[in-house]
Amino acid sequence: MLSPLSFGGLYRPARGRADEAVIQSGIDLGGLGLASLPAQPSEEEWQRVGKEIRSAFKDIGFVYLSNHGIPQGVIDEVFDVAGETSKGYTAPNQERLTEAKGVQELRESFDIHTPDGAFPDQELATLRPAARTLFEKCSVLTFRILTAMAIALGLERSYFVKRHEGLAGTKNSSCMRLLYYPALPDGEGADEGEVTRCGAHTDYGTVTLLFQDAAGGLEVKERGGAWVSALPIPGTILVNAGDILQFWTGDVFRATEHRVLLTESRSKARQSVVFFVHPDGDVVIEPLDGSGRYMPVEAKQHAIKRFSETYNL
Ligand SMILES: O=C(O)CCC(=O)C(=O)O
Ligand SMILES: [Fe+2]
């Protein structure tokens, strides 16, 4: 298992187990992590983290965050409660991320758009409070990441934050998604071409925070086209750029394709929690460099388009 201490600051494909390439580096959030609240990060910390996010998003588009300051207990609580039941989850293969025909995606999910929304409070009273705490911490961390990104891009530092102010509200598509990938009984789906956990896709929004358990199987496509493993690293969060950030930066930051394969541990279930960050619905996204590389699109319209493709079975 790789240790966060081995981070070198930049993504470097490395040879992992056998002939497998892995992402092995990331960003130590240090003073920008939530542990330092209410202290304000120094200007040097904003600049350092901004620069590191910039180099990761210009390259592989995915990076591990360590020292993020979200207590492990808060994360574990959500995993524990979400793992207790699949009630209310979207059923396997109800959504499609893969474009490949005939492939089933074995995944169940429960989406939380706001901690004040609909919850199975009667059946699982602990879910709402656990989810609310993690949702709030992810929001604060996201605002810090958005600020560092604005600084790195030479924008006014609140540029992105101002456009995500409704993050937990109903006019914003941001969402905390609890994912449960059921175990596959022996012999089932033996043909990898027929069944997968999550087909190759890019995320739709600005950035995504991803918490995964120890099962593994997540892979990320590097610029050269090779798939590399994003192994679970205890104590870290993976952050990646989505479509909207690629539009905004005129392709400078990349929304990288990723997927979750059925690994050798297919006989075990896998869980992840994903915090998808979207701009407020009425924000118009167009390349900030004036390149005109993409037509202006309202955040809400882009989300509607991608969601309709996902559910169009
Ligand atoms: O479960 C994971 O690790 C990744 C899921 C994912 O990429 C997604 O839901 O967009
Ligand atoms: Fe994704």
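## A look around ligand 1

The shell of residues around ligand 1 is made up of five nonpolar, three polar and two charged residues. Keep in mind as you explore that this is a predicted model.

Which residues surround ligand 1? They are Leu179, Tyr181, His201, Asp203, Leu210, His258, Val260, Arg270, Ser272 and Phe276. Three strands, E7 (175–181), E14 (258–260) and E15 (270–277), each supply at least two residues of this shell. The largest share, three residues, comes from E15.

Some of these neighbours place a polar side-chain atom at a short listed distance from an oxygen atom of the ligand, as the table shows.

| Side chain | Partner | Distance |
|---|---|---|
| Ser272 | oxygen atom of ligand 1 | 2.7 Å |
| His201 | oxygen atom of ligand 1 | 2.9 Å |
| His258 | oxygen atom of ligand 1 | 3.0 Å |

The protein covers 97% of the 300 Å² of accessible area that ligand 1 has on its own.

### His258 and Lys51

Let's stay with His258, which is found in strand E14. Is His258 buried or exposed? His258 counts as buried because its relative accessibility is 6%, and the cut-off for buried is under 20%. Its side chain also joins that of Asp203 through a polar contact of 3.2 Å. Beyond its neighbours within four places in sequence, His258 is in contact with several residues, including Phe62, His201, Trp227 and Asn240.

Now compare Lys51, which has its place in helix H1 (residues 43–58). Lys51 is exposed, because its relative accessible area is 62% and exposed means over 50%. In sequence, Lys51 and Ile151 are 100 residues apart, while in space their C-alpha atoms are 8.6 Å apart.

### The nonpolar cores

What about the nonpolar residues inside the protein? The largest nonpolar core has 59 residues, and the members that touch the most others are Phe57, Ile70, Leu134, Met149 and Phe211. Helix H3 (residues 127–152) gives the most to this core, with 13 residues.

Ile70 is a nice one to click on. Leaving aside its neighbours within four places in sequence, Ile70 is in contact with Leu34, Ile75, Leu134, Lys137, Cys138, Leu141, Phe211 and Ile237. Two of the residues named for the core, Leu134 and Phe211, appear in that list too.

There is also a second, separate core of 19 residues, with Val22, Ile233, Leu238 and Val260 among them. You have met Val260 already, as one of the residues surrounding ligand 1.

Key. Residues numbered from 1 in each chain as written. Chains lettered and ligands numbered in written order. Predicted model: local features only at pLDDT ≥ 70, side-chain atom pairs only at ≥ 80, totals over all residues. Heavy atoms only, no water. Near = heavy atom within 4 Å. Polar contact = N/O pair within 3.5 Å; in protein donor to acceptor, adjacent residues only side chain to side chain. Areas by Shrake-Rupley, 256 points an atom, 1.4 Å probe, with all protein chains shown as cover. Helix = DSSP H or I, 4+ residues; strand = E, 2+ residues; numbered from the N terminus. Nonpolar A, V, L, I, M, F, W, Y, C, P; charged D, E, K, R; others polar. Core = buried A, V, L, I, M, F, W, Y, C linked by side-chain atoms within 4.5 Å. Buried < 20%, exposed > 50% of the residue type's maximum accessible area, 1.4 Å probe, protein only. Contact = heavy atoms within 4.5 Å.
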